[in-house]
Amino acid sequence: MPTLDMSTTPLREVNVTLQQAAKSQANAVYEITNPRGSHAVAVGLDGPLSVTVKGSTGYYCAGMNKTATIRVEGSAGPGVAENMMSGEVVIEGDASQYAGATGRGGLLNIKGNASSRCGISMKGIDIVVHGNIGHMSAFMAQKGNLVVLGDAGDALGDSLYEARLFVRGTVKSLGADCVEKEMRPEHIEILQDLLDRAGADAKPEEFKRYGSARRLYNFNIDHADEY
Amino acid sequence: MDKTPQTDPRQSWTFSNSVNSEIRRAAATGIYDIRGGGAKRRVPHFDDLLFLGASMSRYPLEGYREKCETSVTLGTRFAKKPIELKIPITIAGMSFGSLSGPAKEALGRGATLAGTSTTTGDGGMTEEERGHSQKLVYQYLPSRYGMNPDDLRRADAIEVVVGQGAKPGGGGMLLGQKITERVAGMRDLPVGIDQRSACRHPDWTGPDDLEIKILELREITNWEKPIYIKVGGARPYYDTALAVKAGADVVVLDGMQGGTAATQDVFIEHVGQPTLACIRPAVQALQDLGMHREVQLVVSGGIRNGADVAKALALGADAVSIGTAALIALGDNDPKWEAEYNALGTTAGAYDDWHEGRDPAGITTQDPELMKRLDPIAAGRRLRNYLNVMTLECQTIARACGHNHVHNLEPEDLCALTMEAAAMAQIPLAGTNWYPGKPGF
């Protein structure tokens with residue numbers, strides 16, 4: 001397995017190597033050692049590559065990922081898997097703020113906790129957090145699914161659009177226009193699939209579903225007090 | 001019997017008919033006024049400056065014979081592939097969604113014919129636009145509507161939008177009337193709902209974070225693309241300095257006359273600084289950092305003709321950008337649609353309800369029938385013509401001031417007509433060698 005040691009290999013060389021391998025070496029497996037909190041590690045990959053990062057990363061690890069599978073054996077800094085298009089990103093530890101921000105596809109699987117604004121403005125990505133998430137998560141979330149096995153902080157789903165939020169634990173408070181919704185069979189099916197894909201030990205029936213009340217979809221002066 | 005003499009009815013300056021009409025409108029609807037465009041109030045502007053021309057101490061160039069270059073290169077600081085433009089006038093970012101597909105195509109056609117760049121907007125990159133724009137700047141906006149790495153890579157430059165002159169500190173709203181299936185699909189949102197564009201980026205706060213964000217964008221695009229940072233005219237000295245610190249190749253500075261697709265009138269008219277007041281502080285910041293001309297400065301907001309271009313360049317800009325003027329060149333607010341403007345309760349030249357999607361000129365609309373009114377080929381030619389005229393005008397002035405490149409225009413070529421303009425532009429009042437705040441006085 002090719003190994004890129006970031007104690008001796010510059011970031012530029014790491015990303016060029018991975019980006020080229022993603023295009024030319026289908027299903028190749030790479031390992032990155034000594035990431036030492038580096039920013040923008042394994043960004044812009046576009047192909048079925050498998051990358052394991054042995055340690056914690058800084059900002060924007062796996063940003064704009066397409067197709068590739070990236071596993072961080074540590075924690076991830078802000079904006080992990082931001083604007084991910086497809087593929088899978090696994091964080092074995094915790095994720096800092098803005099995890100999965102604006103993501104448009106793929107699965108972001110966070111085995112620990114995620115900080116504030118997890119899934120902010122998400123546009124189709126699926127995010128599974130095995131622990132808790134911080135405040136203002138799923139703010140202005142448009143599409144996709146956010147699954148939280150633990151608790152959610154303040155103002156969950158503020159100004160939510162069509163994203164689905166599933167929380168097993170408590171929700172400290174809901175944001176503007178976010179309401180609890182009925183868990184119908186199709187939601188159980190979606191949730192079961194996500195839990196299976198994330199390797200999460202939980203049953204869909206243990207979760208509550210939250211979504212948009214759609215009261216703020218078109219401007220109405222009578223709703224101005226809600227935000 | 002003689003009538004008692006009476007004074008004429010006297011209108012209040014404070015409570016003018018226009019002010020009173022807005023009070024009545026607000027009282028009737030309970031909603032603030034939303035409109036497109038930039039500030040309509042009179043603010044000190046380029047009209048308040050004049051060029052001095054050549055004289056005993058300046059040697060002019062022959063108008064129809066001697067060369068006066070206009071080319072500009074943007075993105076020379078870090079990018080492997082800077083943008084080379086034939087003229088120092090670019091087309092500003094305007095979204096597909098607020099503008100029709102044919103209008104975006106026309107902007108691309110016109111810019112390409114004139115040898116310059118055009119810019120996407122808050123709705124992502126369309127095929128019409130990419131296909132007809134030889135040089136296309138891809139905006140990286142807080143909403144990230146349609147954002148994807150493929151479009152990033154096929155752009156010629158990336159513009160991180162922090163703010164815009166019409167509404168520094170504000171986001172946007174594209175009302176449901178304009179959200180067709182295509183627009184909604186590009187933005188990953190349902191058809192027909194009002195689409196809020198966030199006022200701040202979702203995954204970074206402040207210049208330290210932005211520096212890392214720019215690193216990510218460069219890593220994704222192989223360090224090829226120039227990275228612009230666009231700021232509204234709020235605190236131009238510090239905004240420019242922080243943009244440089246964050247790693248910008250180009251700073252785009254948009255004054256309050258710069259347009260928007262839609263926001264509150266009170267925002268447009270009461271937040272931000274006039275374009276004229278923004279340029280010198282921004283240039284000063286670049287000079288203090290030793291970055292003037294290494295990080296290029298693009299100025300926008302109320303640029304209308306070659307004289308405005310020349311004045312912006314003389315104050316230290318490397319290029320200008322036009323939005324409203326480009327739309328007018330395409331056919332926006334054309335008096336030939338006067339009857340239809342009247343039917344909408346307005347008149348040609350004043351139409352600014354772009355958010356309603358009922359534009360008679362077929363530019364700020366998604367209505368299929370209205371869109372057909374704009375021929376993108378003919379409109380693109382009009383834009384090309386207009387850009388050419390602006391360039392010729394700018395060259396005319398530069399030659400008269402003795403310069404063989406428009407970038408050689410300098411503050412010493414100018415005088416100011418008003419105290420306000422003199423103070424803002426730091427240009428001596430005409431007939432003096434003094435401006436308010438000049439050191440040593």
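Which residues of helix 9 of chain B are buried? Keep that one in mind while we set the scene.

This is a predicted model, in which local features need pLDDT of at least 70 and side-chain atom pairs count only at pLDDT 80 or more, while totals for chains, interfaces and linings use all residues. Residues are numbered from 1 along each chain as its sequence is written, and chains are lettered from A and ligands numbered from 1 in the order in which they are written.

**Exercise 1. Describe helix 9 of chain B and its surroundings.**

Solution.
- Step 1: Find the helix. Helix 9 of chain B covers residues 275-288; helices (H or I, at least four residues) and strands (E, at least two) are DSSP runs numbered from the N terminus.
- Step 2: Check its length. Its 14 residues reach 21 Å from first to last C-alpha, close to the 20 Å expected at 1.5 Å a residue; the expected span is 1.5 Å times one less than the number of residues.
- Step 3: Answer the opening question. B:Thr275, B:Leu276, B:Ala277, B:Cys278, B:Ile279, B:Pro281, B:Ala282, B:Val283, B:Ala285 and B:Leu286 are buried. A residue is buried if 20 or more other C-beta atoms lie within 10 Å of its own, exposed if 12 or fewer, and partly exposed in between, with C-beta atoms placed from the backbone.
- Step 4: Draw the conclusion. Because 10 of the 14 residues are buried, helix 9 of chain B is largely enclosed by the rest of the structure.
- Step 5: Name the packing partners. The buried residues pack against helix 7 (236-246), strand 12 (250-254), strand 14 (296-300), helix 10 (306-314) and helix 15 (419-425) of chain B.
- Step 6: Look past the end. B:Gly290 follows helix 9 of chain B and has a positive phi, near 70°.

**Exercise 2. Place strand 11 of chain B among its neighbours.**

Solution.
- Step 1: Ask about burial. Strand 11 of chain B (residues 227-232) has 6 of its 6 residues buried, so it is largely enclosed by the rest of the structure.
- Step 2: Sort the directions. B:Ile227, B:Ile229 and B:Val231 point one way, and B:Tyr228, B:Lys230 and B:Gly232 the other way. In a regular strand the side chains alternate between the two faces of the sheet.
- Step 3: Take one partner. Strand 8 (residues 157-161) of chain B runs parallel to strand 11 of chain B, joined by 4 bridges; two strands pair if DSSP finds at least two bridges between them. Here B:Val161 stands opposite B:Lys230.
- Step 4: Take another partner. Strand 12 of chain B is also parallel to strand 11 of chain B, with 5 bridges, and B:Asp254 is the bridge partner of B:Gly232.

**Exercise 3. Do likewise for strand 7 of chain A.**

Solution.
- Step 1: Of the 7 residues of strand 7 (residues 123-129) of chain A, 6 are buried, so the strand is largely enclosed by the rest of the structure.
- Step 2: Strand 6 (residues 107-110) of chain A pairs with strand 7 of chain A in the parallel sense over 4 bridges, and A:Ile110 stands opposite A:Val129.
- Step 3: Strand 8 (residues 143-148) of chain A runs parallel to strand 7 of chain A and is joined to it by 5 bridges, with A:Ile127 opposite A:Leu146.

**Exercise 4. Is each of two loop residues, B:Lys81 and A:Gly157, buried or partly exposed?**

Solution.
- Step 1: B:Lys81 sits in the loop between strand 3 (72-74) and strand 4 (83-85) of chain B. B:Lys81 is partly exposed because 14 other C-beta atoms lie within 10 Å.
- Step 2: Leaving aside neighbours within four places in sequence, B:Lys81 is in contact (C-beta atoms, placed from the backbone, within 7 Å) with B:Glu224 and B:Lys225. B:Glu224 is 143 residues away in sequence, yet 5.1 Å away C-alpha to C-alpha.
- Step 3: A:Gly157 lies in the loop between strand 8 and strand 9 (164-167) of chain A. A:Gly157 counts as buried because it has 30 C-beta neighbours inside 10 Å.
- Step 4: Not counting residues up to four places away in sequence, A:Gly157 touches several residues, among them A:Ala138, A:Leu165 and A:Tyr210.

**Exercise 5. How many residues of each chain are in contact across the interface?**

Solution.
- Step 1: 33 residues of chain A are in contact with 20 residues of chain B.
- Step 2: The chain A side divides into 15 nonpolar, 11 polar and 7 charged residues. Ala, Val, Leu, Ile, Met, Phe, Trp, Tyr, Cys and Pro count as nonpolar, Asp, Glu, Lys and Arg as charged, and the others, Gly among them, as polar.
- Step 3: Add the confidence scores. The predictor gives the complex an ipTM of 0.97 and a pTM of 0.96.

Methods: Contact = placed C-beta atoms within 7 Å.
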